[in-house]
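Student: I should like to take a close look at one part of this model, namely its sheet. Please describe how the strands are arranged and what packs against them.

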Amino acid sequence: MGDRFADLTVIRRLLNDTTTWAFVGLSGDPSRTVFNQAKLMKQRGKRVIPIHPDGAPVLGEPAFRTLAEVPVPIDVVAVYRRTAFAGGVIDEAIAVGAGAVWLPLDVYDEEAGDRALAAGLDVVMNRCPAVEWALRR
């Protein structure tokens with residue numbers, strides 16, 4: 001696995017220079033890691049778009065059931081699904097023209113990452129946005 005999908009230049013660019021983050025798997029459950037990560041990114045000035053099958057608003061933001069329903073350009077798709085489902089979400093991110101995909105700790109799909117890179121997306125895998133935010137200086 002290594003650090004192939006953990007380029008510090010890419011990580012810093014995504015944290016510093018992007019605006020709109022779609023969080024796949026984001027529900028209103030504050031005990032979930034994705035909720036806390038999305039809340040942090042919102043507090044840091046990012047526009048957070050919840051993507052969840054129930055479509056319920058989260059953190060005061062309207063939610064969408066799929067990435068294809070989002071009516072604005074997406075800079076980063078944060079994939080908070082198990083590894084088994086990550087590839088499908090990455091394919092959706094490619095299809096909607098997202099700028100990047102970010103997979104959190106313990107989520108890694110090298111083949112899907114290669115597809116994303118080939119489509120021109122930036123890719124970060126197995127990294128925590130909160131930790132990387134704290135280290136970004």
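Tutor: A convenient place to begin is a single residue pair: alanine 22 has isoleucine 49 as its bridge partner in β2. The model in which this pair is found is a predicted one. Strand β1, residues 20-24, is joined to β2 by 5 bridges, and the two strands run parallel.

This pairing belongs to a wider arrangement. The open sheet is formed by 5 strands, whose order is β2-β1-β3-β4-β5, with parallel pairing. At its edges are β2 (47-51) and β5 (122-124), each of which pairs on one side only. From one strand to the next, the twist averages 20°.

Helices pack on this sheet as well. Helix α1, comprising residues 8-17, touches β1, β3 (76-79), β4 (100-102) and β5. The direction of helix α1 makes about 100° with that of β5. Helix α3, comprising residues 83-96, also packs on the sheet, where it touches β1, β3 and β4. The direction of helix α3 makes about 170° with that of β3.

For a further point of reference, consider helix α4, residues 110-118, which contains glutamate 111. Glutamate 111 has a relative accessible area of 61%; because the cut-off for an exposed residue is over 50%, glutamate 111 counts as exposed. Between the C-alpha atoms of glutamate 111 and proline 71 the separation is 28 Å, and these residues lie 40 residues apart along the chain.

Conventions:
Residues numbered from 1 in each chain as written. Predicted model: local features only at pLDDT ≥ 70, side-chain atom pairs only at ≥ 80, totals over all residues. Heavy atoms only, no water. Pairing = 2+ DSSP bridges. Helix = DSSP H or I, 4+ residues; strand = E, 2+ residues; numbered from the N terminus. Axes fitted to C-alpha atoms, helices over the stretch in contact; angles between N-to-C directions. Contact = heavy atoms within 4.5 Å. Buried < 20%, exposed > 50% of the residue type's maximum accessible area, 1.4 Å probe, protein only.
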